[in-house]
Amino acid sequence: QSRLRADPMNRLLVMGSINPLTNEVRLQTLFVIPDAGDLFPRTPGAYAIVLRDAGGAELARYPFTPASHALGRPRPSTRLQQDEDREEELLAIRELVPYVEGTVRVDIEGPTGLLKSVTAGSSAPTIQLTSPNGGEVLNGATVPVSWTAGDADGDPLRFNVQYSRDNGATWEMLAQDIEGNNVDLDASNVGSTTQGLFRVWASDGIHTAYDQSNATFSVPNRAPQVAIISPADGSTVAISQTVTFDGTAYDVDTGEMTPEQLTWTSSL
């Protein structure tokens, strides 16, 4: 069943970007996180996250300073290039602010006024994780996760999927901003465990609910992923030419593997 405790430590996660030239704001789906605490220190500034009720009244205001977030190209050498490339520089929003019950609208305001508004109905969504729900052995090439969900206001819903290998003590995000009621995860990204749980979050844009597996399941240990970087396929090597062998291996349970764990063989 859907769960989201009415807790004073509930926090609204707001992440996205601001284009300082056009004031365009792009936001990821907002989620209310229970028992989150103050994970991100907030520096007051010229921008603000404003929570409003159904009548538009202000419930809370959180001034913040977005961080510079350069996208891609190196700094240009001419003034003209600098003017053209400034659009590659965005301001990053990464804020976790106290959530206020009754919020149905979240505004992003800047020095010029309102930049972005997100609205949702007054009701929180409902969600029930249907599979995996406990007792399974997930040994396939993919790991299917499915759920049912609804919203009394008819708001469109987006979903995040988390995975725990230690019976819920810690969680990692495996899929974000999903539409629909299922996702097939690549098994190579799901670490081995005998105490696995999935948790699925539903958001209507603001309000959030989640459900998790009723009991633990098992995921067997899998072979690491291996890749040869050099020599490339189809390479031609001349007599007496030096050949560099470069490979990499990654295991979802242990991470990047050391050179000592790699062994080279040839069919020649």
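**Strands, rings and burial in a predicted model**

Student: Which residues of S16 point the one way, and which the other way?
Tutor: In this predicted model, all of the residues concerned are buried, whichever way they point from S16. This agrees with the strand taken as a whole, since S16, residues 208–212, is mostly covered, with five of its five residues buried. The two groups are Thr 208, Tyr 210 and Gln 212 on the one hand, and Ala 209 and Asp 211 on the other.

Student: How many bridges join S15 to S16, and do the strands run parallel or antiparallel?
Tutor: One facing pair across these strands is Val 200 with Asp 211, the latter lying in S16. The hairpin of S15 and S16 has four residues between the strands, and in this hairpin Gly 205 takes a positive phi near 115 degrees. As for the pairing itself, S15 and S16 run antiparallel, and the number of bridges that join them is five.

Student: Over which rings does the charged end of Arg 199 sit, and how far is it from their centres?
Tutor: Two rings have to be named for Arg 199, and one of them belongs to Tyr 210, a buried residue of S16. The charged end of Arg 199 sits over the ring of Trp 171 at 4.1 Å from the ring centre. It also sits over the ring of Tyr 210, where the distance from the centre is 5.3 Å.

Student: What kind of aromatic pair do Tyr 163 and Phe 198 form?
Tutor: A search of the whole structure finds seven aromatic pairs, and the one formed by Tyr 163 and Phe 198 has its centres 5.1 Å apart, with 35 degrees between the planes. The pair links distant parts of the chain, as Tyr 163 lies in strand S12 (residues 158–164) and Phe 198 in strand S15 (residues 193–203), 35 residues apart. Both Tyr 163 and Phe 198 are buried. Planes under 30 degrees apart would count as stacked and those over 60 as edge-to-face, so with 35 degrees between the planes this pair is tilted.

Student: What kind of aromatic pair do Tyr 163 and Phe 217 form?
Tutor: Here Tyr 163 in strand S12 is joined to Phe 217 in strand S17 (residues 217–219), 54 residues away along the chain, and both residues are buried. Together with Phe 198, Tyr 163 and Phe 217 form one aromatic cluster. The centres are 6.4 Å apart and the angle between the planes is 15 degrees, which makes the pair stacked.

Student: Why does Thr 193 count as buried?
Tutor: Thr 193 is found in strand S15, and its side chain reaches the backbone nitrogen of Gln 195 at 2.9 Å. Leaving aside its neighbours within four places in sequence, Thr 193 is in contact with residues including Tyr 163 and Phe 217. Buried means under 20% relative accessible area, and Thr 193 therefore counts as buried because its relative accessibility is 11%.

Student: Which strands are the edge strands of the open sheet S5-S4-S8-S9?
Tutor: The pairing in this sheet of four strands is antiparallel, and neighbouring strands are turned by 20 degrees against each other on average, direction ignored. Within the sheet, five bridges join S4 (residues 47–52) to S8 (residues 105–110), and the bridge partner of Ile 49 in S8 is Ile 108. An edge strand pairs on one side only, and this holds for S5 (58–64) and S9 (113–119).

Conventions. Residues are numbered from 1 along each chain as its sequence is written. This is a predicted model: local features need pLDDT of at least 70, side-chain atom pairs count only at pLDDT 80 or more; totals for chains, interfaces and linings use all residues. Side-chain values use heavy atoms; hydrogens and water are left out. Rings of Phe, Tyr and Trp (its six-membered ring) pair if their centres lie within 6.5 Å; planes under 30 degrees apart count as stacked, over 60 as edge-to-face and the rest as tilted. Buried means under 20% relative accessible area, exposed over 50%, partly exposed in between (1.4 Å probe, protein chains only). A charge sits over a ring if NZ of Lys or CZ of Arg is within 6 Å of the ring centre and within 35 degrees of the ring normal. A polar contact is a pair of N or O atoms within 3.5 Å; within protein, one must be able to donate a hydrogen and the other to accept it, and residues adjacent in sequence count only if both atoms are side-chain atoms. Contact means heavy atoms within 4.5 Å. Two strands pair if DSSP finds at least two bridges between them. Axes are lines fitted to C-alpha atoms, for helices over the stretch in contact, and angles run from 0 to 180 degrees between N-to-C directions.
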